[in-house]
Amino acid sequence: MFQILLIIDEVMSGFGRTGKMFGFENHGIIPDMICMAKGLTSGYLPLGCLMVTDKIAAKYDDAVLPLGLTYSSHPVSCAAAVEMLQIYEDDNLVEHAASMGKYMDEQLELLKQKHPSIGDWRNTGLLGCIELVKNRKTREPMAPFNAKPDEMGVMNKVAAKIKELGMYTFVRWSYIFVAPPLIVTKEQIDEGLAIISEAIKIADEHVK
């Protein structure tokens with residue numbers, strides 16, 4: 001019987017982003033190793049971390065781990081991480097992200113009724129993605145996966161409109177990513193989705 005380590009990358013999905021401290025907690029699993037960064041200090045200072053189980057850590061109680069990085073265990077970055085973890089707890093940011101995620105789900109269901117080009121909305125907490133399609137029945141994407149520049153005409157216009165209306169978010173291929181700050185309010189979600197809704201009207205004109 002082979003025993004394979006489960007290593008989970010939580011650099012993007014960790015620290016409350018999915019409505020749990022770590023994304024894997026939404027699925028009832030326990031990894032052997034967890035990679036984390038970004039939310040560890042909220043970008044104030046660079047810091048990454050690899051968390052391992054006690055069983056793996058015990059291996060190095062009596063063995064040397066040959067590892068050396070220029071900024072390993074930098075005391076200022078570690079201090080920022082400790083303070084940031086306290087803020088997550090004191091301000092209930094993880095619970096707030098879960099609550100705002102449910103609100104965002106409700107509002108996107110309303111947008112799906114309004115825009116025929118919305119083929120799907122996938123979201124966990126405050127980490128979501130709107131998928132635009134040319135046809136809901138066939139699920140033909142508004143731009144194919146790994147689209148070439150000449151296949152991005154409609155989506156480039158959607159992205160430009162979002163930026164023109166005063167908001168920045170990541171738009172790639174047929175996807176509009178929605179990942180607001182954990183401190184976001186309902187009013188700010190409404191404002192952001194109103195901008196996205198206006199931009200999606202461009203895609204609606206290309207629905208078959």
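Leaving out neighbours within four places in sequence, Ser-197 is in contact with Leu-111, Lys-114 and His-115. Ser-197 sits in helix α5. This is a predicted model. The briefing starts from that helix, then turns to the whole chain, the core, the cysteines and two backbone angles.

**Helix α5**

- Is Ser-197 buried or exposed? Ser-197 counts as buried because its relative accessibility is 4%, under the 20% cut-off.
- Asp-204 also lies in helix α5.
- Asp-204 has a relative accessibility of 17%, so Asp-204 counts as buried.
- Lys-114, His-115, Pro-116 and Ser-117 are in contact with Asp-204, leaving aside its neighbours within four places in sequence.
- Lys-114 and His-115 are therefore contacts of Ser-197 and of Asp-204, given that contact means heavy atoms within 4.5 Å.
- Asp-204 and Lys-134 are 70 residues apart along the chain, yet their C-alpha atoms are separated by 8.1 Å.

**The whole chain**

- The protein chain has 208 residues, and 38% of them count as buried.
- How many helices and strands does the chain have? There are 5 helices and 8 strands.
- Their order along the sequence is β-β-β-α-α-α-β-β-β-α-β-β-α.
- The C-alpha trace spans about 65 × 45 × 35 Å along its principal axes.
- Take the contacts between residues at least 6 apart in sequence: 59% of these join residues at least 24 apart.
- The accessible surface is about 13100 Å², and carbon and sulfur atoms account for 57% of it.
- The chain carries 21 positive and 27 negative side chains. The centres of these two sets lie 10 Å apart.

**The largest nonpolar core**

- In soluble globular proteins, nonpolar side chains tend to be buried together.
- Here, the largest nonpolar core holds 46 residues.
- Which members touch the most other members? They are Met-104, Ile-130, Leu-132, Met-155, Ile-162, Ile-176 and Ile-196.
- Several helices each supply at least two residues of this core, namely α2 (75-90), α3 (93-114), α4 (153-164) and α5 (186-204).
- The strands β2 (33-36), β4 (118-124), β5 (127-135) and β8 (175-178) each do so too.
- Ile-176 touches many residues beyond four places away in sequence, among them Ile-130, Leu-132, Met-155, Ile-162 and Ile-196.
- Other contacts of Ile-176 include Gly-128, Cys-129, Thr-169 and Phe-170.

**Cysteines**

- A disulfide is a covalent bond between the sulfur atoms of two cysteines.
- How many disulfides does a search of the whole structure find? The search finds 0.
- Cys-78 is in no disulfide, and the nearest cysteine sulfur, that of Cys-49, is 8.8 Å away. A disulfide needs sulfur atoms within 2.5 Å, so that pair does not qualify.
- Cys-78 counts as partly exposed because its relative accessibility is 33%.
- Cys-129 is buried, with a relative accessible area of 9%.

**Two positive phi angles**

- Most residues other than glycine have a negative phi.
- Lys-38 is not a glycine, but has a positive phi of about 35°.
- Where is Lys-38 found? Lys-38 is in the loop between β2 and β3 (49-52).
- Lys-38 has a relative accessible area of 48%, so Lys-38 is partly exposed.
- Arg-139 is another residue other than glycine with a positive phi, near 65°.
- Arg-139 belongs to the loop between β5 and β6 (140-141).
- Arg-139 counts as partly exposed, at 38% relative accessibility.

Key: Residues numbered from 1 in each chain as written. Predicted model: local features only at pLDDT ≥ 70, side-chain atom pairs only at ≥ 80, totals over all residues. Heavy atoms only, no water. Core = buried A, V, L, I, M, F, W, Y, C linked by side-chain atoms within 4.5 Å. Buried < 20%, exposed > 50% of the residue type's maximum accessible area, 1.4 Å probe, protein only. Helix = DSSP H or I, 4+ residues; strand = E, 2+ residues; numbered from the N terminus. Areas by Shrake-Rupley, 256 points an atom, 1.4 Å probe, with all protein chains shown as cover. Lys, Arg positive; Asp, Glu negative; His and termini not counted. Charge placed at Lys NZ, Arg CZ, Asp CG, Glu CD.
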